[in-house]
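Colleague: Could you talk me through how this fold is put together?
Modeller: Gladly; have a look at the picture and then we can start.

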Amino acid sequence: MDRLHLTLASADTIAALQARRPLLWTNLGRAPDGLPACAWGERSIGMADVAAAANRFARFRHVLCRLFPELEDAGGVIESPLIRASFLQEALGVRPFAGHVFVKADHGLPVAGSIKARGGIHEVLEFAEHLAVAHGFASEGDLAGLLSPEAREFFGQYQVSVGSTGNLGLSIGVIASALGFNATVHMSSDAKQWKKERLRKRNVAVIEHSGDYAAAVAAGRREAESDAKSHFVDDESSLSLFLGYSAAALALKSQLQASGVVVDERHPLFVYLPCGVGGAPSGIAFGLAHVFGPNVHCFFAEPVASPCFLISMLDPSGGNPAVYDIGLDNQTEADGLAVPRASVHAVSTMRTALGGVFTVDDERLFQHVHTAAVAESLRIEPSAAAAFDGPRWLTSSDEGAAYLERHGLDQCMANSTHIVWTTGGLFVPESEYQAFFERGAISKQRMQERAGSIGR
Ligand SMILES: *Cc1c(COP(=O)(O)O)cnc(C)c1O
C-alpha cells in the first residue's frame, strides 16, 4: 500500500477496490476539451498517426485478401459492424430517455477473432512493410511483391514474438506465420488450452511460462533482445499496436454517419471499452478524441480482480502500481483482461481524456454473455462482456449523475448514444462457449430468486 501515492479522495475508491465491490470512478482530471496527451514516451503523436495507421490497413487490402480468403467479401477490410441494440438496451435496463445503445461488434473481427486484430495485425504489417521496402521486395505503392516466394523466404529469417494471455498471441501468431515469419508466442500458464492448440496448428511456437501475464511478456522481451533478427511485439509499450487500435475511430465515424447518428455538444457519445493493459481501449479513445473532441466520453471496464488501469489513474505521481500492491490477486475468468499492471504510456495519454473506469465481477460477465446471446444473438467471450454495465453506471448511479452534471450533459441524455464495445469471441470452441452460456443462465436465475425472496 505505501508504494501508492494516494490522495484522500482516492482512499475510498481503493478501499472499495480491495473489497472487490463493483464501482464507477470518474476522472476529475479530464480536460474541458477532452483531448489526450499527444505523446508516447518521447515521441509526439496525433491525428496524422491515426490516419497513417488507417492508410496502412488500406494499402494492405489486396495482400490481406490473398492471405485470408475469409476477407474476400469485405475486400480485405478487417472491420466489424456497429449494431443498434434495442433488445440489449431493454435487457440491461437502460431506459429510452437515457439514450440509444449500440454494440461495436469486434467480437467477430475476422482473422484474429478479437479486438487484437486491430493492433496486432497493424504492428506485424508495419514490420513486414518496412523490411520489404528496405530490401527491395515491394514499394509503398505496390505491396504485391511482399507475397513473392523470395520475400517469404527472406521473412523466414526473422522471428516475430509476443507475450500474451491469449488473444494478442492469436492475432500476432496468425498474421506473422501467414506472411512467412517465424512466430513465437509466450503465454502464461493459465492461458486457455484451445488458444495454444489453435496457434500450434499454424506452426506457431507456443512457450508456456509459469507465472502471470507480465512474466510472460518479460520472458519474451528478454529472449528477443538477444537476437537482431527478432521483432518483439510489446503489449506494454508498443506505439504501433496503439495506433493500429486508434484507426478504429475513423471507421466508427463513418458507421455513425451511415446510421444517422449525430455527435455534437447536444448529442454526446459514450463509449465503453473492456480494458486489460490499456493499449486497445486507450488507442481507440485516442482516435475518438481526435475525431469527436469533447463530445466523446470513453469509459474503461476492468474485472474486480484486475483494476490495473484504474489504480494507475488514481496515482497522480505517475507511479505504475500492480493490483497485487493493493492486495488483489488478478484471478479472473476474463482472460483477455487479466493484467496486473497497466501500460504506462497508455495511462499517460488518457489522464486528461478518460471519462472514468468501472469494475465488474466475474459472475456478472457470465450473465452478460447469456444476455448478449438471448437479446441480440451475439456470441461473445466473458472478457468481451465487461463493458455492458457502462450505460447503467453512467445513467443510474450517483457517481454517473455527478459526471453528467459536471460536463453539462444531464439535460441532453435522451439524445445521447452509448456504444458498448464487444471485444472477442469468434473462435471460442462451442463446448467452452456453452459452458459460459449455461453458467450465465444459472447465475441470472439465482439472482432473480434472490430478488424474489427479498421482495416477499
Ligand atoms: C486484449 C483484450 C482487451 C483489452 O485490450 P488491452 O490492450 O489489453 O487493454 C479486451 N478484450 C479482449 C477480448 C481482449 O483480448
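Colleague: What is the strand order in the open sheet?
Modeller: The seven strands of this open sheet follow the order β1-β12-β11-β10-β13-β5-β4 with mixed pairing, where strands are DSSP runs (E, at least two residues) numbered from the N terminus and two strands pair if DSSP finds at least two bridges between them. The model is predicted, with pLDDT of at least 70 needed for local features and 80 or more for side-chain atom pairs, while totals for chains, interfaces and linings use all residues. Residues are numbered from 1 along each chain as its sequence is written, and side-chain values use heavy atoms, leaving out hydrogens and water.

Colleague: Which are the edge strands?
Modeller: They are β1 (24–26) and β4 (82–84), each of which pairs on one side only.

Colleague: And how do β10 and β11 run?
Modeller: Strands β10 (residues 269–274) and β11 (residues 296–303) run parallel and are joined by six bridges; Phe 270 has His 297 as its bridge partner in β11.

Colleague: Switching to helices, how do α5 and α10 cross?
Modeller: The axes of α5 (residues 116–134) and α10 (residues 239–246) come within 7 Å and cross at roughly 125°, with axes fitted to C-alpha atoms over the stretch in contact and angles running from 0 to 180 degrees between N-to-C directions; helices are DSSP runs of H or I with at least four residues. So α5 is oblique to α10, a word for angles that are not under 35 degrees, over 145 or 65 to 115.
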